[in-house]
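Q: Hi! Could you walk me through this protein with me asking simple questions as we go?
A: Happy to. Let's put it up and start.

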Amino acid sequence: MKKENFIKLYEESFRINFIYPALTDYGTTTSYTYGELAKEIEKLHILFSKCNIQEGDKIALVGKNTTQWCIAYLSIITYGAVVVPILQDFNSKDIHHIINHSESMLLFISDAIWVNVADGDLPLLRGAFSLNDWKVLYQKEGERIDELIPNLEALFQEKYPEGFGPQHIQYIDVSNDKVRVLNYTSGTTGFSKGVMITGNNLSGNMTFAHVTFNLKQKDAMLSFLPLAHTYGAAFEFLYALSEGTHVTLLGKTPSPKILVKAFEEVRPTLVIAVPLILEKIHKKMILPALAKKNIRWALKASFLRKLIYAQIHKKLLKAFGGNFKQIIIGGAPLNAEVEDFLLKIHFPISVGYGMTECAPLISFSLCKDYIPHSCGKILPCMEVRIDSEDPYTLAGEIQVKGQNVMAGYYKNEEATRNAFTEDGWLRTGDLGTIDRNYNIFIRGRSKNMILSASGQNIYPEEIENKLNNLPFVLESVVVDRKGRLIALVYPDYDALASEGVAQADLDKIMHQNKETLNHMVASYEKIAAIELQPHEFEKTPKKSIKRFLYH
């Protein structure tokens with residue numbers, strides 16, 4: 001596979017697509033063409049130059065998805081600096097740690113987040129800028145950065161007195177081997193590490209997306225995943241802009257109601273999603289419809305079943321805007337029952353697999369080639385092996401190597417050493433198998449696997465997927481307590497209220513759920529009890545449950 005220079009992708013795209021729409025903040029009049037985007041980037045390049053920022057210097061970025069966030073990110077990487085995107089959901093203590101650990105010299109941050117960060121000790125930080133209007137929120141003693149912002153437009157006009165055109169877009173020529181992004185993980189273990197992502201890693205993802213996803217000039221993309229995370233950044237943002245796509249940034253919590261309205265208006269050509277969205281639609285919209293007495297009866301007849309499935313398929317297509325070719329699901333495994341139903345009605349989904357350390361993609365197949373319950377086929381620029389005596393039937397750790405694999409963890413040699421095998425394969429920490437065509441099948445996380453008294457491997461995620469589809473279960477965690485499997489369950493109180501079910505009946509309902517579940521699983525996977533939780537499980541910013549808190 002050809003290794004495109006990552007930064008030059010944007011120099012070329014911005015020139016070719018100069019007059020076409022690039023970025024829009026949903027629900028506002030704020031919008032930029034590719035030419036206007038390039039102009040704003042150039043202004044920040046002038047700012048960086050006046051601040052004496054050098055190639056490889058770190059610049060941190062924290063805030064919600066907005067056009068300003070995107071402009072800051074693109075300005076940093078095309079200047080040759082290293083962007084440090086920080087999830088806005090991190091607490092102020094974590095943000096302080098990342099800014100200091102990454103040795104960031106400048107910071108772009110939303111005003112609301114800066115209020116809680118300003119009091120911290122940030123000894124290496126030279127200046128902080130508002131993502132609202134670029135105003136200087138902070139400058140280190142002795143700096144004169146605040147004098148630059150009011151003069152930025154004048155400095156731009158001085159540099160381009162005849163106007164700014166496509167011919168002026170010229171970005172730094174830097175090797176793909178250099179680190180371009182320092183992305184701090186938000187894993188379920190509570191320990192955050194700075195993943196060093198190179199231009200080569202990003203180029204591997206961009207090149208595969210270009211060949212596979214086939215976005216074109218003036219296509220539409222709705223961005224609602226956090227861009228500070230590699231999954232959303234790679235495909236809703238970086239890949240889309242490398243193709244001349246018009247990206248609309250949702251910029252608000254993607255509730256089903258808000259998403260349906262936004263999909264209807266934007267009508268995206270490609271949908272990038274996480275499992276939770278489809279699982280919620282399945283549980284809240286599809287299952288109640290299928291449970292109606294007349295529908296249950298009709299499903300028994302083959303010709304009626306086809307009609308019902310066709311209607312559901314049509315409604316789902318409309319819910320996602322009706323203009324997309326497929327939905328790509330990543331970030332976590334899709335619930336098997338949900339996947340089976342969507343495939344049964346021929347809904348165009350495919351599930352990919354990746355991790356921050358691969359920027360992020362490891363495997364993927366288009367829906368026409370997708371093997372049910374897999375995570376797609378290993379990418380052409382990657383290799384995979386299973387640490388198992390029989391990788392086709394016996395689950396073992398999934399290990400990978402290739403173009404997308406990170407350079408290591410920043411200033412953490414021990415963690416980097418532990419992340420790789422002695423012969424240089426990245427340990428994913430996931431357990432799975434492969435087939436003869438190198439499709440990957442995930443069973444669970446190695447750190448979550450439970451060994452039964454009889455020596456059987458138990459993957460709690462598989463049990464939880466079944467349990468989460470049972471009545472009034474919102475989310476669950478299966479844990480091992482002295483050889484007994486216990487399911488911790490946070491009930492779906494909204495569903496209880498909407499269906500008029502008394503909370504006093506919960507114990508009886510959960511007892512029935514336990515019996516139902518134990519008929520669905522192997523004998524060694526049966527749970528001994530369900531324990532109700534008073535609050536939702538604590539989660540990472542990526543909305544993964546912090547499992548380590550519940551063992």
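Q: Is Lys482 buried or exposed?
A: This is a predicted model, and in it Lys482 is exposed, with a relative accessible area of 86%.

Q: Where does Lys482 sit along the chain?
A: Lys482 is in the loop between strand 24 (473–481) and strand 25 (484–491).

Q: What about its phi angle?
A: Lys482 has a positive phi of about 55°, although it is not a glycine. For background, most residues other than glycine have a negative phi.

Q: Which other residue shows that?
A: Ala359 is one: its phi is positive too, at about 60°, and it is not a glycine. Ala359 lies in the loop between strand 15 and strand 16.

Q: And is Ala359 buried or exposed?
A: Ala359 counts as buried, because its relative accessibility is 2%, and buried means under 20%.

Q: What joins Ala359 and Pro360?
A: A cis peptide bond joins them, with omega at about -5°. In general, most peptide bonds are trans. Pro360 is placed in the loop between strand 15 (353–354) and strand 16 (361–363).

Q: OK, switching to sheets. What is the strand order in the one with mixed pairing?
A: That open sheet has 4 strands in the order 2-1-11-10. Strand 2 (31–33) and strand 10 (220–223) are at the edges with a single partner strand each, so one side of each has no neighbour in the sheet. From one strand to the next, the twist averages 15°.

Q: How do strand 10 and strand 11 run?
A: They run parallel, and 4 bridges join strand 10 to strand 11 (residues 246–249). As an example, Ser223 stands opposite Leu249 in strand 11.

Q: Which helix packs on that sheet and touches strand 2?
A: Helix 2 (residues 34–50) does, touching strand 1 (21–25) as well as strand 2. The direction of helix 2 makes about 95° with that of strand 2. Helix 3 (residues 67–79) lies across strand 1, strand 2 and strand 11, and runs at about 135° to strand 1.

Q: Back to Ser223: is it buried or exposed?
A: Ser223, which is in strand 10, counts as buried at 0% relative accessibility.

Q: What is Ser223 in contact with?
A: Setting aside neighbours within four places in sequence, Ser223 is in contact with Asn65, Glu236, Val247, Thr248, Leu249 and Leu250.

Q: What about the antiparallel sheet, what order are its strands in?
A: The order is 17-18-20-21, and this is an open sheet of 4 strands. Strand 17 (382–387) and strand 21 (440–445) are its edge strands, each pairing on one side only. Here the twist averages 50° from one strand to the next.

Q: How many bridges join strand 18 to strand 20?
A: There are 4 bridges between strand 18 (residues 396–402) and strand 20 (residues 426–434), which run antiparallel. In strand 20, Leu426 is the bridge partner of Val400.

Q: And what holds paired strands together, generally?
A: Strands of a sheet pair through backbone hydrogen bonds, either parallel or antiparallel.

Q: New topic: at what angle do helix 1 and helix 8 cross?
A: Roughly 60°, and the axes of helix 1 (residues 6–16) and helix 8 (residues 230–242) come within 8 Å. That crossing makes helix 1 oblique to helix 8.

Q: Which residues make that contact?
A: From helix 1, Phe6, Leu9, Tyr10, Ser13 and Phe14; from helix 8, Leu238, Tyr239, Leu241 and Ser242. By class, the contact of helix 1 with helix 8 has 7 nonpolar, 2 polar and no charged residues.

Q: Which residues touch the most other members of the largest nonpolar core?
A: Phe108 and Phe320 do, in a core of 157 residues. Helix 3 gives the largest share of this core, with 9 residues.

Q: What does Phe108 touch?
A: Not counting residues up to four places away in sequence, Phe108 touches several residues, including Leu44, Phe48, Ile76, Phe129 and Trp134. There is also a second, separate core of 20 residues, with Val473, Ala487, Ala495 and Leu496 among them.

Q: Last one: where is Ala118?
A: Ala118 is in the loop between helix 5 (111–117) and strand 6 (127–130). Ala118 counts as partly exposed, at 34% relative accessibility. The C-alpha atoms of Ala118 and Ile509 are separated by 49 Å, and these residues are 391 residues apart along the chain.

Definitions and conventions
Residues numbered from 1 in each chain as written. Predicted model: local features only at pLDDT ≥ 70, side-chain atom pairs only at ≥ 80, totals over all residues. Heavy atoms only, no water. Pairing = 2+ DSSP bridges. Helix = DSSP H or I, 4+ residues; strand = E, 2+ residues; numbered from the N terminus. Axes fitted to C-alpha atoms, helices over the stretch in contact; angles between N-to-C directions. Contact = heavy atoms within 4.5 Å. Parallel < 35°, antiparallel > 145°, perpendicular 65-115°, else oblique. Nonpolar A, V, L, I, M, F, W, Y, C, P; charged D, E, K, R; others polar. Core = buried A, V, L, I, M, F, W, Y, C linked by side-chain atoms within 4.5 Å. Buried < 20%, exposed > 50% of the residue type's maximum accessible area, 1.4 Å probe, protein only.
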